[in-house]
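Please open the model in your viewer and keep the sequence panel beside it. The tour goes from one selection to the next and says what is to be found at each stop.

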Amino acid sequence: MRVCANCERNVRDAYCAHCGQSVDLPRFTWRYVFHELPAGVFAWDRGALYTAKQLFTRPGHTIREYIAGKRISHFRPIPLLAFCAGLMGLLGYLLEAPMSGIRVNGDQEGVKLVMDWINGHYVWIELASLPFISFSTWLFFRNQDFNLVEHVVINSFLASQRIMLNLMLMPLIFIFDNKVFIMVESALVTVLSVGLFAWAFTQLFPRMGAVKVTFRTLTAYGFAYLMISIVALAVVFLLSRTGRLHLS
């Protein structure tokens with residue numbers, strides 16, 4: 001007789017009779033990424049509201065429990081990220097009018113084109129950023145118990161958390177329709193996102209101490225976006241060299 005990792009009841013069969021979760025829960029590996037996640041990107045799971053609540057009340061504890069086996073009540077991480085990013089991209093189009101008030105060096109049309117491209121590809125931008133952030137957090141916390149794929153799971157949840165935060169603050173842009181507030185809202189989301197990111201990791205690794213975890217988390221966060229920036233610049237350079245992108 002085995003014990004269910006989700007509800008801790010004794011189980012005789014392959015699935016728990018109490019919560020319905022499978023008893024056979026192997027550790028997250030690349031097989032999970034390449035064989036299960038692509039099919040699940042467009043799947044709808046139950047537990048979205050429950051997962052959202054847990055991510056804003058006890059994010060690190062929730063993610064650690066999910067990896068350990070308490071999964072039946074949660075929305076799967078990659079589909080959750082894809083759904084949140086898709087909703088964010090859709091709302092970005094709806095915000096096109098207030099966003100048009102922002103000008104950079106007088107080149108409003110150029111900014112609009114960039115924003116339209118980001119809104120149209122937001123899901124893929126988030127998914128493309130995920131490996132960089134996951135590698136970075138794994139690198140800075142490689143002496144802990146989680147493998148690289150489990151860091152993908154961790155950062156999928158935390159990316160969804162960041163997008164949810166942005167979605168909650170987005171309606172304020174309609175109320176305060178001016179470019180100053182839009183810039184303030186963007187800065188506020190960034191600060192709160194970094195804070196939530198650090199908070200989640202202090203819960204994930206409580207034995208390391210809050211100060212040490214926070215320092216490593218912020219360093220990992222910065223290193224990830226440095227890698228993303230370098231790759232983005234390299235892509236822009238290559239596209240401009242091949243004539244597919246014209247830089248004025």
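What follows is a walk through a predicted model, beginning with confidence and ending with charged pairs.

**Colour by confidence.** Begin by colouring the chain by pLDDT, which averages 81 over the protein, with 77% of the residues scoring at least 70. Among the elements, helix H3, residues 59-68, has the highest mean pLDDT at 94, whereas helix H5, residues 96-99, has the lowest at 52. Next select residues 99-106, where pLDDT stays under 50 and for which the model has 10 contacts beyond four places in sequence. Where pLDDT is low, the predicted coordinates should not be read in detail.

**Select helix H8.** Move on to residues 148-169, the 22 residues of helix H8, and set a distance from the first C-alpha to the last: the helix reaches 32 Å, close to the 32 Å expected at 1.5 Å a residue. If you then add a surface, you will find H8 mostly covered, with 20 of its 22 residues buried. At the start of H8, show the side chain of Asn147, an oxygen of which reaches to within 3.1 Å of the backbone nitrogen of Val149.

**Cross to helix H2.** Now select Ala52, which lies in helix H2, residues 48-57. Is Ala52 buried or exposed? Ala52 counts as buried because its relative accessibility is 17%, and the cut-off for buried is under 20%. Add Phe157 to the selection, and you will see that its C-alpha atom and that of Ala52 are separated by 9.2 Å, although the two residues are 105 residues apart along the chain.

**Show the charged pairs.** Side chains of opposite charge can pair when their charged atoms come close. How many salt bridges does a search of the whole structure find? The search finds 2.

For one of them, select Glu150 and Arg27, whose closest N and O atoms are 2.8 Å apart. This pair links distant parts of the chain, since Glu150 is in helix H8 while Arg27 is in the loop between strand E2 (10-11) and helix H1 (30-40), 123 residues apart. The partners also differ in their covering: Glu150, at 3% relative accessibility, counts as buried, whereas Arg27, at 47%, counts as partly exposed.

For a last selection, take Arg58 and Glu65, whose side chains meet in a salt bridge with an N to O distance of 2.7 Å. Here Arg58 counts as partly exposed at 26% relative accessibility, and Glu65, at 27%, counts as partly exposed.

Conventions
Residues numbered from 1 in each chain as written. Predicted model: local features only at pLDDT ≥ 70, side-chain atom pairs only at ≥ 80, totals over all residues. Heavy atoms only, no water. pLDDT = per-residue confidence, 0-100. Helix = DSSP H or I, 4+ residues; strand = E, 2+ residues; numbered from the N terminus. Contact = heavy atoms within 4.5 Å. Buried < 20%, exposed > 50% of the residue type's maximum accessible area, 1.4 Å probe, protein only. Expected span 1.5 Å × (residues − 1). Polar contact = N/O pair within 3.5 Å; in protein donor to acceptor, adjacent residues only side chain to side chain. Salt bridge = Lys/Arg side-chain N within 4 Å of Asp/Glu carboxyl O.
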